[in-house]
Amino acid sequence: MKFKRIFIAACLMGALIAGGCSKQQKKSEPVLTKSQVVDQTKKSFKSGEVIQSIRLSTDTSTQIVSANTNFGGDPTVFHITNQTTSKGKTQSSEEWINMNNVYLNGRSSWYKAKLDKLSGHTYAELLEAITNNTTMTDPSPKLVKAFKMKRNKNTYTLTADIKDQKLMKDAADPIFGTTGQSAAQEKVFRRVQKYGKYQNMTVKAVVKNKKLTSYNLFINMKLGKLMKVRLGQSYGNFGSHAFLKVPDSALNAKPMPKASTKKGSN
């Protein structure tokens, strides 16, 4: 009788252990459709990192202008490292941008100026180009249709190769309009946009565990017979700069000398 009780108890213990293990097993995530994955890319984001770039090249020379940007905070603040590479040499500059001013690192001192006078674009245009990129947040039906999807467990990759002229122009416009480091440079980019011919655009978005982790688009153009133009916009690290603020060292900046401001607006 004692043996029977021990046997029953052992069976009950085994059942409890088995039941506990079954509860701990995770249910596999349902496979997402392409439409569901596209919906994940549409979700708005308030902070992250993006590199905007414009490359002009011929058979003999290449010039690259890029803006490596961290963005975040409330209201949104931008911390930008600008780079211009030409003939094997790279020049860099650092700036902070808020709703009121752009703050430039002059190495020994910080200087402040109005963004539109210095760069040729406004805070609102920069905000629209980076945090409200409609290629991501409101993709056209043509782009959604062009997307091809691959899945690896809970990671989904969308890719598209686009030749639609309107889609390419709409995607290129904010890059041409906000990557310039001076008003003069931005005028040059606008001329390139006006006379260049769009060739194709590639788009790649990666969604992992139902969250957008990266988004890249590149647009290829031709200007005349010799020059090639390549624009890029690459996003990542979403949510990484939610509390971004302009540092006090920059906020205590001196007014930009008038000669420098005029130089940027010519």
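**Helix 7, its salt bridges and the open sheet**

At 39% relative accessibility, D170 counts as partly exposed, a value that, like every other one given here, is computed from a predicted model. The side chain of D170 meets that of K166 in a salt bridge, with 3.0 Å not reached, the N to O distance being 2.8 Å. Both residues belong to helix 7, where they stand four residues apart, about one turn of the helix. K166, for its part, is exposed, with a relative accessible area of 58%, whereas D170 falls in the partly exposed class, which lies between the limits of 20% and 50%.

Helix 7 also takes part in a contact with another helix, since the side chains of D173 and R190 meet in a salt bridge with an N to O distance of 2.9 Å. Because D173 lies in helix 7 and R190 in helix 8 (residues 183–195), this pair ties together parts that are 17 residues apart in sequence. D173 is partly exposed at 31% relative accessibility, and R190 is likewise partly exposed, at 34%.

A search of the whole structure finds four salt bridges, and one of them joins the side chains of D164 and K142 at 3.0 Å, N to O. Here D164 sits in the loop between strand 8 and helix 7 while K142 sits in helix 6 (residues 141–146), so that parts 22 residues apart in sequence are tied together. With a relative accessible area of 22%, D164 is partly exposed, whereas K142, at 54%, counts as exposed.

From these side chains we turn to the sheet. Its 12 strands form an open sheet with mixed pairing, in the order 7-8-9-10-11-1-2-3-4-5-6-12. Strand 7 (148–152) and strand 12 (254–255) stand at the edges with a single partner strand each, and therefore one side of each is left without a neighbour in the sheet. Within that order, strand 1 (residues 48–57) pairs with strand 11 (residues 227–236) in the antiparallel sense over nine bridges, and V229 in strand 11 is the bridge partner of L56.

Two helices can be placed against this sheet. Helix 7 (residues 165–178) lies across strands 1, 8, 9, 10 and 11, and runs at about 85° to strand 9. Helix 2 (residues 34–42) lies across strand 7, strand 8 (155–162), strand 9 (197–208) and strand 10 (211–223), running at about 85° to strand 8.

Methods:
Residues are numbered from 1 along each chain as its sequence is written. This is a predicted model: local features need pLDDT of at least 70, side-chain atom pairs count only at pLDDT 80 or more; totals for chains, interfaces and linings use all residues. Side-chain values use heavy atoms; hydrogens and water are left out. Two strands pair if DSSP finds at least two bridges between them. Contact means heavy atoms within 4.5 Å. Axes are lines fitted to C-alpha atoms, for helices over the stretch in contact, and angles run from 0 to 180 degrees between N-to-C directions. Buried means under 20% relative accessible area, exposed over 50%, partly exposed in between (1.4 Å probe, protein chains only).
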